[in-house]
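User: Here's a model I'd like to get a feel for. Please take a close look at how its interior is put together, and walk me through it in one go.

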Amino acid sequence: MYYFKKKEIDSNIFVGDKNAKISKYGLPNEVKYCKKCLTSNQRATTRSEQRIKKLDQDIQDKTLKFFDDNICGACKIKEGWKNIDIEKRKNDFLKILEKYRSKNGDYDVVVPGSGGKDSFYVAHKLKHEYGMNPITVTFSPFLYTDWGWKNLQNWISAGFENILNSPNRKIYRLLSRMALENMFHPWHPWILGQKNFPPKIAAKLGIPLVIYGESPAEYCNPIEEYREEYMIDWHTIDNKENLRLSGEKYQDLLSMGLKKNDLEPFVPMLKDEFIKKKIKCFAFSYFHGWHPQSNYYYAVQNSNFQTSDERTIGTYTKSGSIDDKMDHFYYHTYYIKFGIGRATHDVSQEIRNGDISIKEGKNLINKYDGEFPEKVEKEIYKFWTIDKSSFSEKIVNLFECPEVNREYYNNLSNYFRSPHIWKKNNMGFVLRKNI
Ligand SMILES: [Zn+2]
């Protein structure tokens, strides 16, 4: 009767070892950790967010490939940097810039970002070291943190024009809730916006050059995607028939009463148009290497960049991905599905960059991974709740339980756990294989 029913779970499947090799979503049924950086082979590497179907029906794209020596692709990329001709790469970068550089002072490059340390660094370098004329663009988080908002303002104050795309918040809430129900991936609508808005605005403004910070391969996407240009499938769709938003077909969302303009901020460009407008999206990191900690020092030196006031939930850092209160639940849902928490994300990157040792990394992961985001939970549950004063009856009636609370969230969590990662004992749910 309801489109989104309350999920039924048989928690016996987690008891004992009989299902220890049964994995969901096509995840590898043996959990392995990279010998060098401690990241896990369960790490999903979704490239085309706009094609993901419901997670309980379909296999997640693919997961991180480990090489025969049990080392992950991101570590191989880092190792490879030792043999790279850095001057040549920089020259290649200059050649690209020369092709697009404005002769009359018009804007000539679009820099996407939040005003966090990484996007600040890229925009500032382009403007002051390379003499380009960047315009910065931001897709709004779900719920700005105080320091996230301040850092966007700092970016602007440091001498950059910014275009902020803030989608209709009722639709943003609804799509996040649907993504939670379908994929346990409440951050998904933001990822869509963040990937799709920059090339779309570039096309509108007639500025075909877009420069992002890091290559996704540096965060464990497939190594063959480590190249100067972003994959075109990241930002485009061949036709709207194949488009899915929050796991739902585009047409189905329209049938539920949503309008085209409601969905527009989340819809990617059509591939044909992207090619016709000659949009090019490059990764700054491919030409310069990438070290988030150095980006942080650079941002502090060159602006009023602020870290958050406190340690970020689920990890030990204060300066990465701190703009959105939803981040905490993104990392928590990720931990439930793949057994990989926010501390692991930070640790593996910092080990690769030589900032911390394996031993320190293990301690940090054991201490912080999977920490529950209690501090923001009420605000986020309210955000996901489909209340009658904000939504039409037709929308409210899609949900068996329009309200989200701790009990509802926990029930969903358990539904999305995979028995090869989690077992249940008298302590509750525990990882089968710890670092
Ligand atoms: Zn690794």
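Analyst: Buried residues make up 44% of the 435 residues in the protein, where buried means 20 or more other C-beta atoms within 10 Å of the residue's own, exposed means 12 or fewer, partly exposed is in between, and C-beta atoms are placed from the backbone. Keep in mind that this is a predicted model: local features need pLDDT of at least 70 and side-chain atom pairs count only at pLDDT 80 or more, while totals for chains, interfaces and linings use all residues. Numbering starts from 1 along each chain, as its sequence is written.

Now for the core itself. The largest nonpolar core (buried Ala, Val, Leu, Ile, Met, Phe, Trp, Tyr and Cys residues joined through C-beta atoms within 7 Å) has 73 residues, and V109, V110, L175, V210, I211 and L245 touch the most other members. Helix α5, residues 169-183, gives the most to this core, with eight residues. Helices here are DSSP runs of H or I, at least four residues long, and strands are E runs of at least two, numbered from the N terminus.

Zoom in on V109: setting aside neighbours within four places in sequence, V109 is in contact with Y100, L126, M132, P134, I207, L209 and I211. Contact means that the C-beta atoms, placed from the backbone, lie within 7 Å. Long-range pairing is a theme throughout: of the contacts with a separation of 6 or more, 77% come from residues 24 or more positions apart.

There's also another core, apart from the largest one, with 15 residues, including C37, L38, F66 and L364. L364 also turns up in a helix pair, where A343, T344, V347 and I351 of α13 meet I358, G361, L364, I365 and Y368 of α14. That contact divides into seven nonpolar residues, two polar and no charged; Ala, Val, Leu, Ile, Met, Phe, Trp, Tyr, Cys and Pro count as nonpolar, Asp, Glu, Lys and Arg as charged, and the others, Gly among them, as polar.

As for geometry, α13 (342-352) and α14 (358-368) pack at about 170° with axes 9 Å apart, using lines fitted to C-alpha atoms over the stretch in contact and angles from 0 to 180 degrees between N-to-C directions. The two helices are therefore roughly antiparallel, a label for angles over 145 degrees (under 35 is roughly parallel, 65 to 115 roughly perpendicular, the rest oblique).

Methods: Two residues are in contact if their C-beta atoms, placed from the backbone, lie within 7 Å.
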